[in-house]
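Reader: I would like a close look at one helix packing contact in this model. Please also cover any backbone angles that stand out.

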Amino acid sequence: MTTIEDVFDLIRNGVSIKQHPEKSGFPITRIETISNRVVDRTRMGYAGITDISKYKDYILQDEDILMSHINSIQHLGKAAIYKKIGNEKIIHGMNLLCLRPKKDKIHSSFALYYFLSDDFHRKIASITKPSVNQASFTISALKKLSFPSFSISEQQKIASKFDAIGQIVVLREQQLSKLDQLVKSRFIEMFGKIESNSSSWNMVKLNQVIKSCEAGWSGSGIQRQKQENEVAVLKVSSVTKGYFDFHEYKVLNDQKNIKKYIYPQKNDLIFSRANTRELVGATAIIDKDYPKFILPDKLWRIKLNNNINIYYIKYILSDNFYRKKISSISTGTSGSMFNVSMEKFKSLDLPLPPLPLQEQFAEFVQQVDEVKSPVKQSLEKLETLKKSLMQEYFG
C-alpha cells in the first residue's frame, strides 16, 4: 500500500513569524492564503522581512502543495498548489502544511485533485482531533494515510481530464460574472448607489420586511452520492456561489429517525449566518421545494413580507457594501467560523424604494437569469462529470 509519506519528500508546518498589518517585505503564507483552494497572493501576511536568508529553507518551491491542518472542521484538508511566478519568493508560514512531491513518483496536479476527493476528506475526518474553537490533525497521522497508486503517465492523463473540466468551468463562471455586472449596472441606473442611498429612498430595518427567519439543524452526514429517496443535510457551500447549489450536501446517516426539520421551499431566501469572514452573509433564492434536503443551523430560511421583492433584497444583501456590513457585525477569529446573530442581522438598515420599481428590477433580473440558466446547467453537468471521475479514480 502506498502512503502519503511515500510520495512526498517534505511534509512540514511553516515557520512562526509575528505578522503586522503593514504590507512590507517578503510575503508569508497564512491560513487565508488558500481559503478558496488557490494560492491567493492578495491574502498573504507580512512582517517587514527584507533579508530572507534566515528563512531560505522555508521559501516555497514551484508545485509545492499547501494544506490546512489547523482550522474549523469543514476547512481541514483544504489544499492548493503553488505555481511560482517569475523570481518571486514567498515564505511558508505557520498553520499551513507544505507537501513537496517526489517528482519521480507523483504528479503534483494529480495529488491536488486527490486531496479534493471525498475519499481523502473521509480519511481526514478519521484523524481529526476536535477542540473548542478549532480542529486539527497531526503530520504523523497524515503521513500514514493511503494514497492512490497510479503510474506517473496515468496520473498525468487523469490530471489532464480534471484540468480540461476546470478550464471550461472558468469560462462558464466568467460568463456568469459578466451577466452579474449587467444586473449591477441596471440596479445603479434604477436605484442609485446603495452605500450613499443617492436616490434618498426611505430607510427601514430588515425586521420590517422579514416575515420569518428560521435556522436549520445539524444532522450528521457523510460525504457520498445521494440516492433518490434519501434525505441529506445541505452544506453552507450550497449558497456561496450566489445561487442555490443542491449538489452541496452530506447524506444523513440515520434515514429512519429524522426529526422535524426545515427544508428549502420555493421563494425562500437562504442566508448563510456562519462561514469564513469573506463568505458569511451569502444568499440564494430557492426556485422550488426541496423536501429531501435539510437546512443546517448555519443557514437561515427567510420568508418576506409583501412590501419587498425577493430579487431586490437578494441583490442588496449580495452587494459588496452590505456584505462588508454583515461581516463587520459578525463575530469570530482568524481561521475560524464567523457568526452573525439574528438580532444584529434584523437591525440592519436598507433603502426601500416603491414596490412597483422593485418588481420592475426583479423582472429584469429574471430575464438575465433565463440567459444564465443554460450556463448554470452546463456547470452542473461539469460538476456531475467531475464527481463521476472522482468516484472512478479515487473511490
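Author: What follows takes the helix contact, then two loop residues. The model is predicted, and the description should be read with that in view.

Two packed helices are described by the angle between their axes and the distance between the axes. Here the pair is α2, residues 108–115, and α5, residues 152–191. Their axes approach to within 8 Å and cross at roughly 65 degrees. The crossing of α2 past α5 is left-handed. On the α2 side, the residues that take part are S109, F110 and Y113. They meet Q155, I158, A159, F162 and D163 of α5. By residue class, the contact of α2 with α5 holds five nonpolar residues, two polar ones and one charged one.

The backbone angles come next. Most residues other than glycine have a negative phi. E63 is not a glycine, yet its phi is positive, at about 75 degrees. E63 sits in the loop that links β1 (8–13) to β2 (65–68). Its relative accessible area is 22%, and because buried means under 20% and exposed over 50%, E63 counts as partly exposed.

N267 also has a positive phi, near 70 degrees, and is likewise a residue other than glycine. This residue belongs to the loop between β11 (249–252) and β12 (269–272). With a relative accessibility of 49%, N267 is partly exposed; the cut-off for exposed is over 50%.

Methods. Residues numbered from 1 in each chain as written. Predicted model: local features only at pLDDT ≥ 70, side-chain atom pairs only at ≥ 80, totals over all residues. Heavy atoms only, no water. Axes fitted to C-alpha atoms, helices over the stretch in contact; angles between N-to-C directions. Helix = DSSP H or I, 4+ residues; strand = E, 2+ residues; numbered from the N terminus. Left-handed = near helix turned anticlockwise from the far one by under 90°. Contact = heavy atoms within 4.5 Å. Nonpolar A, V, L, I, M, F, W, Y, C, P; charged D, E, K, R; others polar. Buried < 20%, exposed > 50% of the residue type's maximum accessible area, 1.4 Å probe, protein only.
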